[in-house]
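Biologist: Could you give me a close look at a single part of this model, and then connect that part to the rest? I would be glad of the cut-offs as you go.

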Protein chains: 2
Amino acid sequence: MPTINSSVLRGLCVIIDPEVAGGRSEEEIARLAIEGGATLIQLRDKRREKGLQLEVAERLMRVCVGPNLRLIINDHVDLALAARADGVHLGQKDLPVAIVRRRLMRQGIIGCSTNNVEEALRAQADGADYVSVGRLFPTTSKENIRPATLETVRAVKAAVSIPVAAIGGITEENIDAVLAAGADMVCVIAAVVAAADPREAARRLSARIAAHQAGR
Amino acid sequence: MPTINSSVLRGLCVIIDPEVAGGRSEEEIARLAIEGGATLIQLRDKRREKGLQLEVAERLMRVCVGPNLRLIINDHVDLALAARADGVHLGQKDLPVAIVRRRLMRQGIIGCSTNNVEEALRAQADGADYVSVGRLFPTTSKENIRPATLETVRAVKAAVSIPVAAIGGITEENIDAVLAAGADMVCVIAAVVAAADPREAARRLSARIAAHQAGR
């Protein structure tokens, strides 16, 4: 298992999807999210050519500098390796965690989308550094269509020893319930990326996470 | 530069695109193409989830066994590494050859799509094992939209020392002209994959390549 500053995986993860960015550059959104307290930035681009994505990832790498801050790439392990990003996030239909850990990325962060305890336990056994659980609430971004509940978060948290991330429609209104269910990390897309003030949106969410962790 | 049986890159390359396969499995087409004399099989899948593509690539790896036969993957270097395929083919908008050679694939075959002498020289300098030149003729598969001519093949062949592949609408009718222009390898998609008898289609094309090379 790679050495990871574990606080990176116990904070706010902002997923930057250019389709949600509303014209702002990826690095501008990342910069604002980081100023607001995000510890993990994930680039998710399902559409554009990988040469272009590499340029974006390299620009993000210059923004994601700091001891308590990492950049990971959704799905494209080759892009992560090419950009020297800190890791990847894999869905259940992407390359399998076990093979990526063994053959492509011995050192980097590997996160894995899960929807139930069985998938979470397998991801942990296969070498994932964290699992995400979702989609918890209705969301404007169309990915992660399988629903999960706060009960799923509770059950996964009880089952695995690696950090558990919650994802899907998390906002200021419901984040406390998500944290109370046991989420170590909270992943958001639109709540920060599409916010009028991404820095302030990230700051408010990060503050709730910090408050919850201080009270544990 | 990796050691590659150079005859692999001086024969018939069959690009298997599931969108053109007309319901036949990728490994069935590969098996027939190989029986017909193909030396390089390329899996090109721009659509499906990478987990599924990995299963396809692993099945193809079991078919592509032999000293004078290789399997490469279009675009997805991570898939190639995960499947332990023999290499990749990169377009001008995919990850750059230089970065893939340096950071991801020191040993495998790297091919690169080019459209002119400048791109071909850069691909060679960056570590490509072969360059393809196209699209030469109108084609039913919609990729490779930039046109090139037999004169481009001639100019690229004169400029580079690595094998030159020709691609785009190559058939029994025009393959002799393509070979006469200096192509070392001929890449086809529909001419074999969509043929009523892929084995026979590959056999006829391979025979023309062999005849040309014997007469050089």
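**A helix and its cover**

Modeller: Happily! In α4(A), the buried residues (under 20% relative accessible area with a 1.4 Å probe, counting protein chains only; exposed is over 50%, and partly exposed lies in between) are A:V97, A:A98, A:I99, A:V100, A:R101 and A:L104. This is a predicted model, in which local features need pLDDT of at least 70 and side-chain atom pairs pLDDT 80 or more, while totals for chains, interfaces and linings use all residues. Residues are numbered from 1 along each chain as written, chains are lettered from A and ligands numbered from 1 in written order, and side-chain values use heavy atoms, without hydrogens or water.

Helix α4 of chain A covers residues 97-104, and because six of its eight residues are buried, the rest of the structure largely encloses it. Helices here are DSSP runs of H or I with at least four residues, strands are runs of E with at least two, and both are numbered from the N terminus. The cover over the buried residues of α4(A), judged by contact (heavy atoms within 4.5 Å), comes from both chains. From chain A it includes α3 (77-83), β4 (87-90), β5 (109-114) and α5 (117-126). From chain B it includes α2 (50-63) and α3 (77-82).

Now for the chain around this helix. Chain A holds nine helices and eight strands, and 56% of its 216 residues count as buried. Its radius of gyration, taken over C-alpha atoms, is 15 Å, which agrees with the value near 17 Å for a compact globule of 216 residues; that rule is 2.2 Å times the number of residues to the power 0.38. The C-alpha trace spans about 40 × 40 × 30 Å along its principal axes. Of the contacts in chain A between residues at least 6 apart in sequence, 62% join residues at least 24 apart.

Another helix pair in chain A is worth a glance. The axes of α1 (residues 26-35) and α9 (residues 198-215) of chain A come within 7 Å and cross at roughly 35 degrees; axes are lines fitted to C-alpha atoms over the stretch in contact, with angles from 0 to 180 degrees between N-to-C directions. There, A:R31, A:L32, A:A33 and A:E35 of α1(A) meet A:P198, A:R199 and A:A202 of α9(A).
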